[in-house]
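Visitor: Please take one part of this model and go through it closely. I would like to see how the helices pack, and then how that part sits beside the sheets and the ligand.

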Amino acid sequence: MEIIKVKDYQDMSREACSLLVDTINKKPNSVLGLATGSTPEGLYQQLIKKYQQKEVSFQQAKTFNLDEYVGIASDDPNSYYYFMNEKLFNHIDIQKGNTHIPNGMAEDMDQECRDYEQLIRKAEHMDIQLLGLGLNGHIGFNEPGTPLTSRTHIVELDESTRMANARFFNTMNEVPKKAITMGIDTIMESKKIMLLVSGEKKAGAVKRLVDGDITEEFPASILQKHHDVTVIADEAALLEI
Ligand code: F6R
């Protein structure tokens with residue numbers, strides 16, 4: 001696991017952007033695994049800038065998002081579908097047909113999980129998977145206790161995760177209780193993984209990610225077994241290392 005230490009959130013976003021841009025420029029039809037949440041927003045802004053400056057094109061790229069809430073329609077501003085379009089896809093030259101986000105409103109959610117796995121397999125897995133880090137060690141929405149062998153599946157969100165995400169909703173009641181997420185094994189099949197982390201409140205989680213035992217109780221710990229992981233972390237997030 002390579003750890004790149006940067007000063008702050010802005011530097012983390014810039015560093016991540018340059019790694020992604022290099023990946024795409026080397027292989028224009030790269031398959032990118034993407035994340036939502038606060039962590040990658042700065043990176044997406046940087047990518048838009050690089051696209052506007054004609055330093056990168058997404059024409060041939062494909063994307064797969066990690067997860068989506070169950071029961072939130074795609075036109076709801078809290079859906080990850082909406083987030084990705086607003087924060088990135090609407091501002092770059094990616095073909096919308098090449099972007100994939102699990103459908104949290106599918107009639108048959110088990111079938112949706114199987115179909116999503118199938119699409120990822122057909123695309124021959126992610127060239128690079130972007131990850132954020134949950135305070136409880138979740139990656140995607142794989143909460144503590146998720147089997148390390150899991151594929152795309154439906155999860156019950158932890159109360160702590162619902163509370164962490166409540167900032168986007170009017171009331172706690174509106175925060176979804178379920179989500180669809182790529183599994184841990186799905187993530188581990190990515191050729192390269194780039195995990196971004198910023199801020200002091202994640203410092204304990206970073207310590208367990210890097211130094212902790214590999215356990216289902218802290219899903220991100222499995223990344224210690226992946227052959228090509230780059231963690232880009234700011235000084236505050238590395239306070240306990
Ligand atoms: C988002 C995702 C989550 C987040 C994690 C950190 O698609 O899969 O694992 O990366 O919850 O969220 P933020 O970045 O908001 O701290």
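Guide: What follows starts with one helix pair and then turns to the two sheets and the ligand shell. The model is a predicted one.

The pair consists of helix α1, residues 9-26, and helix α2, residues 41-52. Two packed helices are described by the angle between their axes and the distance between the axes. For α1 and α2, the axes come within 8 Å and cross at roughly 50°. An angle between 35 and 65 degrees counts as oblique, so α1 is oblique to α2. The crossing of the two helices is right-handed.

On the α1 side, the contact is made by Y9, Q10, S13, R14, A16, C17, L20 and V21. Helix α2 contributes G42, L43, Q46, L47 and K50. Sorted by class, the contact of α1 with α2 has seven nonpolar residues, four polar ones and two charged ones.

Next come the sheets. One is an open sheet of seven strands with parallel pairing, in the order β1-β10-β9-β6-β2-β3-β5. Its edge strands are β1, residues 2-6, and β5, residues 99-100, each of which pairs on one side only. The neighbour of β5 in that order is β3. Strand β3 covers residues 62-65, runs parallel to β5 and is joined to β5 by two bridges. Within this pairing, T63 has T99 of β5 as its bridge partner.

The other is an open sheet of three strands, ordered β4-β8-β7, and here the pairing is antiparallel. Its edges are β4, at 67-69, and β7, at 153-156, and each of these pairs on one side only. From one strand to the next, the twist averages 25°. Strand β8, residues 178-181, pairs with β4 in the antiparallel sense over three bridges. In that pairing, Y69 stands opposite A179 of β8.

Last is the ligand. Its surroundings comprise 14 residues, and the closest are T36, G37, S38, T39 and G132. By class, this shell holds five nonpolar, eight polar and one charged residues.

To return to the part chosen for the close look: α1 and α2 cross at roughly 50° with axes that come within 8 Å, the crossing is right-handed, and the contact includes L20 and V21 of α1 together with L43 and L47 of α2.

Note on methods: Residues are numbered from 1 along each chain as its sequence is written. This is a predicted model: local features need pLDDT of at least 70, side-chain atom pairs count only at pLDDT 80 or more; totals for chains, interfaces and linings use all residues. A residue is near a molecule or strand if its C-beta atom, placed from the backbone, lies within 6 Å of it. Ala, Val, Leu, Ile, Met, Phe, Trp, Tyr, Cys and Pro count as nonpolar, Asp, Glu, Lys and Arg as charged, and the others, Gly among them, as polar. Two strands pair if DSSP finds at least two bridges between them. Helices (H or I, at least four residues) and strands (E, at least two) are DSSP runs, numbered from the N terminus. Axes are lines fitted to C-alpha atoms, for helices over the stretch in contact, and angles run from 0 to 180 degrees between N-to-C directions. Angles under 35 degrees count as roughly parallel, over 145 as roughly antiparallel, 65 to 115 as roughly perpendicular and the rest as oblique. A crossing is left-handed if the near helix is turned anticlockwise from the far one by less than a right angle, and right-handed if clockwise. Two residues are in contact if their C-beta atoms, placed from the backbone, lie within 7 Å.
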